[in-house]
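Q: I would like to learn how to read a protein–DNA model. Can you take me through it feature by feature?

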Number of protein chains: 2
Amino acid sequence: MILESMKTYRSFAAGDVILWRGEPLEFVASMVSGVATLSKTLEDGRTQMVGLLLPSDFIGRPGRTEIEFDVTATVDVTLCCFDRTKFEKVVQETPHIAQRLMELALDELDAARDWMLLLGRKTAREKIATFIEMLARRSNLQASFDAPEIKLNLTRDQIANYLGLTLETVSRQFSALKKDGIIDFADRKHFTLKDLAALRDETGDDADGGVVA
Amino acid sequence: MILESMKTYRSFAAGDVILWRGEPLEFVASMVSGVATLSKTLEDGRTQMVGLLLPSDFIGRPGRTEIEFDVTATVDVTLCCFDRTKFEKVVQETPHIAQRLMELALDELDAARDWMLLLGRKTAREKIATFIEMLARRSNLQASFDAPEIKLNLTRDQIANYLGLTLETVSRQFSALKKDGIIDFADRKHFTLKDLAALRDETGDDADGGVVA
DNA sequence: CGTGTTATTGATAGGTTTCAAGTTCGGTGG
DNA sequence: CCACCGAACTTGAAACCTATCAATAACACG
């Protein structure tokens, strides 16, 4: 059985929920385009993002019939989907796919653990600096001249849910970094990074690039 | 090649560091006895535990030559070790081991994401309640009569590093739960759970046992 | 029975949240 | 094209929770 023959494409509009927590999981998928978030919610509504999905990231887990978090499209999303049970058969017949999936899971685990350090121990300013540094690292792959313009695909509220803050604190910290000349906003969704070294100093991480994820 | 023929046992005393972050990884291992912690540290010394290893848990990752966190024995630990490169060969020759390891990684990932919710959004009291509930769930497997005595293998400081709190706050929350009649301390390392339902109400999680970890 | 480590408890300070106006922005319809 | 409208964002003031600083108490160990 060949994966190519099993794939279908599905699209979701910005704001759509792709998967609900606890819902039977009928497909696994690969992100083709867009941005999606994984989030968990407490009974009183407090929510925490536990992952960010970008193109090439994988959704779903062979062997699991449901997931423990909601998956939501933050901008328009296109997925390349495979029927879950069929996919599982292919995995069993093709050992190196299991290894590849394990490596993806371990990468996610490393990223999750970096995020645990951020959530548990970093100040608001360090959280924002770390977040921006992460965006810069990813954006640089596409456009790497000295003062790259970076696009925010998330609202302040979504950033707050990612960093374990409130949207007001996120806004205040952006303003503070701007006042300190580290970043500059073109508009609310686009900013430029003016001083990467200073930003790194604000992340709280080791001077050498200790953070990998 | 058979795994049985490759194993060696190694022991570590309470407090010993089993693996340093960044150190070349020469073996993978399975916990035989004891408790070990995974932790990450910021440049100024703030630390955050990112995992807890109990008997049967796995250490190390095929395909990685180093790890991103320190592994420390909190009580005496015995490991069953396998040479990393030899183990990797066995994994490649034995497909279902890769699948099993992937499932372990996914379990850890689920646990990490529950912990992200705790670190990012729960109050000190909710963190402590969640922590105790987790201990109770694990202890119940061994001794399941109505008011089980639970042993704390961690110091207040280690609990604080696990929960993203200070040791003083941990101590205060334990005292508060005792004052409210939810737990009762025999001594500083042993307590009994007097009101599981009340404890669950304090975790902030859904009423149905939504948390799986 | 000291002595050092670990834990408890109190007082204070500080950072983030909460509550509450305003403001900017993007989209829509006149 | 412009005015309006709602959503997203910014900013301020006050409250609250947790951290910090400090002193005391309990325990483990020699």
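Q: How far does a polar side-chain atom of A:Arg188 lie from a base oxygen of DNA strand C?

A: First, the ground rules. This is a predicted model, in which local features need pLDDT of at least 70 and side-chain atom pairs count only at pLDDT 80 or more, while totals for chains, interfaces and linings use all residues. Residues are numbered from 1 along each chain as its sequence is written, chains are lettered from A and ligands numbered from 1 in the order in which they are written, and side-chain values use heavy atoms, with hydrogens and water left out. Now the idea: a polar contact is a pair of N or O atoms within 3.5 Å; within protein, one must be able to donate a hydrogen and the other to accept it, and residues adjacent in sequence count only if both atoms are side-chain atoms. Here the distance from A:Arg188 to the base oxygen of strand C is 3.1 Å. A:Arg188 also has a polar side-chain atom 2.9 Å from a sugar or linking oxygen of DNA strand D.

Q: What do the side chains of A:Arg172 and B:Arg172 approach on DNA strand C?

A: An N or O atom of the A:Arg172 side chain is 2.8 Å from a base oxygen. For B:Arg172, the partner is a base nitrogen at 2.9 Å. The B:Arg172 side chain also has an N or O atom 2.9 Å from a base oxygen of DNA strand D.

Q: How many residues surround DNA strand C, and which are closest?

A: A residue is near a strand if one of its heavy atoms lies within 4 Å of it. For strand C there are 18, and the closest are A:Ala124, A:Thr169, B:Arg156, B:Ser175 and B:Arg188. Look at the DNA side too. Of the strand C atoms within 4 Å of the protein, 62% belong to sugar or phosphate and the rest to bases.

Q: Which element gives the largest share of the surface near DNA strand C?

A: Helices (H or I, at least four residues) and strands (E, at least two) are DSSP runs, numbered from the N terminus. H5(B) gives the largest share, 5 residues. Helix H5 (167–179) of chain A and helix H5 (167–179) of chain B each supply at least two residues.

Q: How do the residues near DNA strand C divide by class?

A: Ala, Val, Leu, Ile, Met, Phe, Trp, Tyr, Cys and Pro count as nonpolar, Asp, Glu, Lys and Arg as charged, and the others, Gly among them, as polar. The surface near strand C has 3 nonpolar, 7 polar and 8 charged residues.

Q: Which residues come nearest to DNA strand D?

A: They are A:Arg156, A:Ser171, A:Ser175, B:Ala124 and B:Thr169, out of 18 around the strand. A:Arg156 has a polar side-chain atom 2.7 Å from a phosphate oxygen of strand D. H5(A) gives the most to this surface, with 5 residues. By class, the surface has 3 nonpolar, 7 polar and 8 charged residues.

Q: How many residues of chain A are in contact with chain B, and how much area is buried?

A: Contact means heavy atoms within 4.5 Å. Buried area is the accessible area (1.4 Å probe) that two parts lose on being put together, summed over both. In this model, 52 residues of chain A are in contact with 51 residues of chain B. The buried area is about 4,900 Å², with 55% from carbon and sulfur atoms. A:Arg113, A:Met116 and A:Arg121 supply 17% of the area that chain A buries, more than any other three residues.

Q: How many salt bridges are found across the interface of chain A and chain B?

A: A salt bridge is a side-chain nitrogen of Lys or Arg within 4 Å of a carboxyl oxygen of Asp or Glu. The rule finds 13 here. One of them joins the side chains of A:Lys40 and B:Asp114 (2.8 Å, N to O). There are also 27 residue pairs in polar contact, both at pLDDT 80 or more. H2(A) gives the largest share of the chain A side, 21 residues.

Q: Which domains does chain A have?

A: Domain bounds come from an automatic or database domain assignment. For chain A it gives domain 1 (3–118) and domain 2 (123–201). The two bury about 1,100 Å² between them, 67% of it on carbon and sulfur atoms. A:Met49, A:Trp115 and A:Leu118 supply 48% of the area that domain 1 buries against domain 2, more than any other three residues. The count of salt bridges between the domains is 0.
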